[in-house]
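Okay, everyone, thanks for coming. I'd like to walk you through one protein model today, starting from a single residue and working outwards. Have a look at the screen.

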Amino acid sequence: MNSKSFLVLVRLFMLSCYLFLTGIKDTIITDCRKSEVWKILILDPFTTKLLSSCCKMSDLMSEKITIVEDLYKSREPVLEMKAIYFMTPTAKVFNTEIYFNYCPDELFNNMKLYCAKYIRVCKEINISFMPQEAQVFTCDNPEAFQSIYSPHCQDKKKKTLETLADQLVTLCATLDEYPGVRYKKDSNMVNAKTLAELVDNKLARHYEMDDSGKKKGKTQAQLLIVERGFDPVSPILHELTYQAMAYDLIDIQSDTYKYKSKDGAEKQALLNEDDMLWVKLRHKHIAEVSEQIPKMVKEISANKKQPDGKITISNLAQMMKKMPSFRKQLTEKTVHLQLAEDCMKHFSNNVEKLCKAEQDLAVGLDVDGQKVKDPMRTLLPVLLHPYSTHDKIRAVLLYIFSLNGTTDENLSKLIQHVKIEDQREFILNWKELGVPIITSSSIFNRKPPRRDRSQEEKYNLSRWTPVIKDVMEDAVENKLDTREWPHQSECPAAWNGSGAVSARQKHKASAQDERRTGSRLIIFVIGGITYSEMRSAYEVTQAVKSCEVIIGSSHILTPTSLLDDIKVLSKGPMEVFTIDERSNA
């Protein structure tokens, strides 16, 4: 890879991003260099997000791209400049160079038939997913939740699952993986099986012949597909790790944290991979974050012989005036000191008292390791306290989940306690995800066994571990029960989850493989992933080292966004767009 190219300038914050950018270099950027003329880059909403996730405007300018325009906005013609359209394929025609992020065969053939004379270059970049973090991706389609789980949108379910399958295929292609596909078997959740079948069939067609005319064999990877209802607890709990807590308690939109400085000025900060302090702290417990940021500031002040004392936002402002050379470092720490303080205010006001009850209900044990024999006694203080309605709903849901469902009579009493008689959909609609809400008192539902993590527990109010982490660890150790996790397609015999693949069995190394050793585990959750589940992917990868874990979904959710989505499931039909439909909206 050319060290001077803009690829090197881009932080490869997701493993898949590496090959994506290589694809851009080999198509869009290399073509720009050939002509030695400045060009305009025209993007649709999806490709704008895609490109923004991995490069800056300065990177594009260094490759003779001078302007970036919105495909759907009216603009003055610039006749003296050539244009590059990088877009999700639609039926529209452009007299220029076109790059698609994934183009169905039917549309591509129609374009060749009717539009060839208007297009100088047309190339496909095989990616239609969104890199979010180093080990996290989404399909950028939160509307998929409604179209898959709403009983009023069943006519859209098949098309939505097809779209997700296409996107997963481009993910695998970008990673140069041909994984074995497995899914979580559950009689109440059939979408995982359907999606697994679609993905496996589409992968087989995609890898039927490679560039050399040879059929590609399976690589050392597994793709596990599971539904959101598999673990309803993790998205509802109050999490106390920095990233999950911030997105739950603070109004952070589009990864942008808005706050007021001490002088009253409105400020904002982008929480992404470019913020190295954010990357370093986001998975730590808020107690550690609150301790580490002031220490970092003191280290800077010590270098400049600033007086010791309690680190506050006001102190930092004074330090920045006195030490302009350290402004960037101090500004970064000011943002996170402010964000951590905001999180701690919420924690001190309400969340701290809620967390003990939530953890007892979720784990089924109290802080002393004793079984919670009467979950209602744990829930009742929460219902009697003047918490917000949303917080009470979350506690009631955890109570119901702890019992694997409750009686109709008991549920009616709970709804009256919380005073949500006209909003009972927050609770009842979980049944659409296959989660038991109403059960007969005579039915005994056995909860699946969990890994014993009592020795790992460091904080009493953070004892719960997302179920998906158990799955990741079992998969890596090759302990997943094939009755619960059937193979849609087998993995190579060499796969043992530990990355111990013999030289004879390992497929030829690609550019991506050279960046890693061992195997890769890809998890896809239908219906949204939580920040705690994202954290689990990093934790397992760090612990195992020989297997990379990547997790993704249609979108990333927060407790509030999930409850809002759950509530509207029983409403009438809503407009749900696929990626290409949204681009035209």
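Is serine 150 buried or exposed? Serine 150 is buried, because its relative accessible area is 0%, and the cut-off for calling a residue buried is under 20%. Keep in mind, by the way, that this is a predicted model. Along the chain, you'll find serine 150 in the loop between helix H6, residues 144–149, and helix H7. So what does serine 150 touch, if we leave out residues up to four places away in sequence? The answer is Phe145, Leu569 and Lys571. With leucine 569 there's also something polar going on: a polar atom of the serine 150 side chain sits 3.0 Å from the backbone oxygen of leucine 569.

Now follow the chain out of that loop and into H7. Helix H7 covers residues 154–174 and packs on a sheet, where it touches strands E7 and E13. E13 is residues 519–526, and the direction of H7 makes about 160° with that of E13.

Let's look at that sheet properly. It's an open sheet of seven strands, and the pairing is mixed. If you read across it, the order goes E6-E7-E14-E13-E9-E8-E12. Which strands are at the edges? Those are E6, residues 130–133, and E12, residues 487–489, and each of them pairs on one side only. On average, neighbouring strands in this sheet are turned by 25° against each other, ignoring direction.

Let's zoom in on the E6 end. E6 and E7 run antiparallel, with three bridges joining them, and E7 is residues 136–138. If you want a pair to find on the screen, proline 131 stands opposite phenylalanine 137 in E7.

There's another helix on this sheet too. H18, residues 467–476, lies across E9, E13 and E14. Its angle to E13 is about 150°.

Next, a contact between parts of the chain that are separated in sequence. Lysine 49 is in helix H3, which is residues 45–52. How far apart are lysine 49 and aspartate 140? In sequence it's 91 residues, while in space it's 9.3 Å from C-alpha to C-alpha. Their side chains are joined by a polar contact of 3.2 Å. Leaving out residues up to four places away in sequence, lysine 49 touches Met130 as well as Asp140. And lysine 49 counts as partly exposed, because its relative accessibility is 44%, and that class runs between the 20% and 50% cut-offs.

Just before H3 in the numbering, have a look at strand E1, residues 39–43, where five of five residues are buried. Both faces are covered: Lys39, Leu41 and Leu43 are on one side, with Ile40 and Ile42 on the other. What does E1 pair with? It runs parallel to strand E3, residues 82–87, with five bridges between them. E1 also runs parallel to strand E2, residues 65–70, and again five bridges do the joining. For examples, lysine 39 stands opposite lysine 82 in E3, and isoleucine 40 has isoleucine 67 in E2 as its bridge partner.

Okay, on to the empty spaces. Rolling a probe the size of a water molecule over the atoms shows where there's empty space left. How many cavities of 30 Å³ or more turn up in the whole structure? The search finds two. The largest holds about 100 Å³ of space. It has 13 lining residues, and nearest its centre are Ser234, Glu239, Ala244, Thr530 and Pro559. Helices H9, residues 242–249, and H19, residues 531–544, each give at least two residues to that lining. H9 has the largest share, with three.

There's also the second largest pocket, with a volume of about 1,300 Å³. It's lined by 45 residues, and the closest to its centre are Gln132, Tyr247, Ser254, Asp255 and Ile556. You'll recognise some of the elements giving two or more residues to this lining: H3, E6, H9, H19 and helix H20, residues 559–567.

Finally, let's zoom out. The protein has 21 helices and 14 strands. Of its 585 residues, 53% are buried, and serine 150, where we began, is one of the buried ones. And among contacts with a separation of 6 or more, 75% are between residues 24 or more positions apart. That's me done, thanks!

Definitions and conventions:
Residues numbered from 1 in each chain as written. Predicted model: local features only at pLDDT ≥ 70, side-chain atom pairs only at ≥ 80, totals over all residues. Heavy atoms only, no water. Pairing = 2+ DSSP bridges. Helix = DSSP H or I, 4+ residues; strand = E, 2+ residues; numbered from the N terminus. Axes fitted to C-alpha atoms, helices over the stretch in contact; angles between N-to-C directions. Contact = heavy atoms within 4.5 Å. Buried < 20%, exposed > 50% of the residue type's maximum accessible area, 1.4 Å probe, protein only. Polar contact = N/O pair within 3.5 Å; in protein donor to acceptor, adjacent residues only side chain to side chain. 1 Å grid on protein atoms, 1.4 Å probe; cavity = no way out; pocket = protein on both sides within 12 Å on 5 of 7 lines; lining within 4 Å. Points joined across faces, edges and corners; volume = space filled by probe spheres on them.
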